[in-house]
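Visitor: I am new to protein structures, and I would like to know how the words people use for them are justified. Could you show me one and let me ask about it?

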Amino acid sequence: MQEDHFNQDFFRFLQGAPTPFHAASSMAARLRDSGFKQLAETDPWELAPGNSYFLIRDNGALIAFTLAGNDYQNQGFRMMGAHTDSPSLQIKPLAGKTSHSFFQLGVEVYGGPLLATWFDRDLSLAGRVVCTTSDGQLLTLLIDFKRPVAIIPSLAIHLDREANTGRAINKQKDLAPIVAQISEQIANQITAQIPTKSALNFSSILTEQIHKEHPERKVTTIIGFDLFCYDCQPPALLGLGNEFIAAGRLDNLLSCFVGCTAMTENMSETKSNQNRLLICNNHEEIGSLTASGAKGSWLNTLLTRIMPDHSKRHRTLRGSFFISMDNAHGVHPNFSDKSEPEHLPLLNHGPVIKSNANQNYATTSVSAALYKTIATEAGVATQDFVMRSDMGCGSTIGPHIAAGLGIPAVDIGAPTLAMHSIREMTGSRDPFLLYRTINRFLSREHLPRIEG
Ligand SMILES: [Zn+2]
C-alpha cells in the first residue's frame with residue numbers, strides 16, 4: 001500500500017468516526033468487507049482455525065481476531081490495542097435550555113480536552129440514540145448531523161481585557177453551545193423561519209434527525225442518548241511540503257486505523273499462520289474502568305472462550321506480545337523546555353517508544369527491544385520518549401492489558417503536537433511509518449525471541 005493512498009483512506013476514516021460508536025461501526029464495516037465474521041457474545045460460537053472474527057461491545061469498542069490455520073490453541077497471539085474515544089463535550093441528559101433568544105445545549109466535559117480550542121468552531125453533533133419504534137421495539141441508532149449546527153462563541157476581548165493573559169474556563173457556565181435562535185413573537189420574514197419557543201425542544205430535533213438518517217425505522221420516542229460535539233473541519237495535509245496532518249481525534253483514531261488496516265491487509269490465506277488480535281477499547285480518556293474499557297474483563301473473557309483449557313491458555317498467553325498504540329508527545333518548538341532534553345521525538349521521524357520508571361507505560365527494556373527489532377526489519381526508525389522527571393506522566397491502555405493478561409507489552413505511538421486539542425497535529429509520514437511496523441509484526445513468521 002502506498003503512503004498517500006493510506007493517508008487519504010485515513011482521512012475518510014476520521015471523517016466517518018466523530019464518536020467511538022461511529023469508529024467501531026466504521027471498523028466493523030471494513031472488517032466485514034475483508035471477510036471477518038461478526039460474533040455476538042450472547043450466541044454459542046464454533047470457531048474455526050484460519051478464520052477471522054470480530055465483536056463489538058456497547059457500540060463503542062471492538063475486538064478483531066484471526067486464528068492461525070494450524071493448532072491455534074498452542075501458539076501465542078500477536079496483539080495490539082488502541083482506544084476509540086477522544087476528549088470531547090458530551091450533551092447532558094436534559095439538554096435544551098433557552099437564554100436571551102438562544103437555544104443552547106448543556107454539556108459535560110468528557111475526558112481532558114484543551115477547552116480553549118473548542119470556542120468559535122463550527123461544531124456538529126453525533127452519537128447514539130436509544131429509542132422506541134411504533135411496534136414497541138427498543139432500538140439503538142447512530143446519528144451524525146454532519147454539518148455545523150452548534151458553536152461556542154468566545155467572550156469578546158473588550159468584555160474581558162485579561163483574555164490573553166489569564167482567562168479561566170468555567171465548565172458549567174462557559175461551554176453550552178448555541179444551536180438555534182428562538183423567536184418569542186413572529187415579527188417579520190426572517191423570524192418567521194425561526195422556530196417558536198414551544199416548538200423547539202432537543203427531543204424533537206433528535207427525532208427529526210433520526211427520521212432523516214433512518215427513514216426505514218418507525219421511531220416514536222427518544223428514551224436516551226450519548227451524544228458528543230465535534231469539529232466539522234475536515235482533516236488536512238498542511239505545511240509547504242505537505243509535511244503535516246491536522247485533524248480532530250488523531251488521539252487515538254490514528255492507531256485504531258493503523259490496527260484495523262493491518263488486520264485486514266494480513267488476513268489472506270498465505271499469511272494466516274499466526275494468531276492475531278486487535279482490541280480498540282472505549283473510555284481510555286476517562287480511566288478505562290468500564291465494561292468496554294481496558295480495565296474491564298472483556299479481553300480476558302474472550303481469550304477464555306477462544307482457549308477454554310486453562311493450561312493451554314496460560315502457555316499461549318505467555319508466548320504472546322501486546323503492542324499498545326497511542327499517540328506520543330513530539331517536541332514542540334515553542335515549548336521545548338517541556339520535553340526531556342535528551343528525549344525529543346520529532347514528527348515524521350518514526351514511531352515513539354514510551355517508557356516510564358513507574359510503569360505508567362507498559363514498556364520494559366525487553367519489550368522495547370522486541371519492537372525495535374521488528375521496526376528495524378520494516379526499515380522504520382524508532383524514537384524514545386520519557387517524561388521530564390519533574391512532570392507527571394500520562395498513561396495508556398498498555399499497563400492495564402499487560403497486567404490483566406500477564407503478557408509482555410510495549411507502549412508506542414505516532415509523535416503528535418497539541419494532544420487533546422480539538423485539532424491535533426502529526427507528521428504526514430507518521431501514520432504510515434507506524435503501519436509498516438505493525439504490518440511487519442503481524443506478518444513475521446515468528447516473534448523475535450530474547451534469551452535469558
Ligand atoms: Zn490516547
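**Cavities and a zinc site**

Guide: Let's begin with the second largest cavity, which holds about 30 Å³ of space. Please keep in mind that this is a predicted model.

Visitor: Which residues line the second largest cavity?

Guide: The lining is made of Glu41, Trp45, Leu55, Trp298, Thr301, Leu302 and Arg305. Helix α7 (residues 298-306) gives the most to this lining, with four residues. By class, the lining has four nonpolar, one polar and two charged residues.

Visitor: How many cavities of 30 Å³ or more does a search of the whole structure find?

Guide: The search finds two. The largest cavity has a volume of about 210 Å³. Among the 23 residues lining the largest cavity, Ser86, Pro87, Ser88, Trp118 and Arg249 are the closest to its centre.

Visitor: Which elements give two or more residues to the lining of the largest cavity?

Guide: They are α2 (20-33) and β10 (219-231). Strand β10 gives the most, with four residues. At the level of domains, at least three lining residues come from each of domain 1 (3-86 + 248-443) and domain 2 (88-231). The lining of the largest cavity divides into 12 nonpolar, seven polar and four charged residues.

Visitor: Now to the metal. What coordinates the zinc ion?

Guide: The donors are His83 (NE2), Asp251 (OD), Asp326 (OD) and Asp326 (OD), at 2.0 to 2.6 Å. A donor has to be within 2.8 Å of the metal, so the distances of 2.0 to 2.6 Å qualify.

Visitor: Why is the arrangement around the zinc ion called irregular?

Guide: For four donors to count as tetrahedral, all angles must lie between 85 and 135 degrees. Here the four donor atoms subtend angles of 53 to 140°, so the tetrahedral label does not apply and the arrangement is irregular.

Visitor: What makes His83 and Asp251 a pair that ties together parts of the chain?

Guide: Along the chain, the donors follow the spacing H-x167-D-x74-D. His83 lies in strand β4 (residues 77-83) and Asp251 in helix α6 (residues 250-265), so the pair joins parts that are 168 residues apart in sequence.

Visitor: How do you know whether His83 is buried or exposed?

Guide: Buried means under 20% relative accessible area. His83 has 1%, so His83 is buried.

Visitor: And is Asp251 buried or exposed?

Guide: Asp251 has a relative accessible area of 3%, so by that cut-off Asp251 is buried.

Terms used
Residues are numbered from 1 along each chain as its sequence is written. This is a predicted model: local features need pLDDT of at least 70, side-chain atom pairs count only at pLDDT 80 or more; totals for chains, interfaces and linings use all residues. Side-chain values use heavy atoms; hydrogens and water are left out. On a 1 Å grid over the protein atoms alone, a cavity is a set of points where a 1.4 Å probe fits but cannot get out, and a pocket is an open set with protein on both sides within 12 Å along at least five of seven lines; lining residues have an atom within 4 Å of a point. Grid points are joined across faces, edges and corners, and a volume is the space filled by probe spheres set on the points. Ala, Val, Leu, Ile, Met, Phe, Trp, Tyr, Cys and Pro count as nonpolar, Asp, Glu, Lys and Arg as charged, and the others, Gly among them, as polar. Domain bounds come from an automatic or database domain assignment. Donors are N, O and S atoms within 2.8 Å of the metal (3.2 Å for Na, K and Ca); water is not among the atoms, so sites may look incomplete. Four donors count as tetrahedral if all angles lie between 85 and 135 degrees; four count as square planar and six as octahedral if opposite donors are over 155 degrees apart and all others between 65 and 115; anything else is irregular. Buried means under 20% relative accessible area, exposed over 50%, partly exposed in between (1.4 Å probe, protein chains only).
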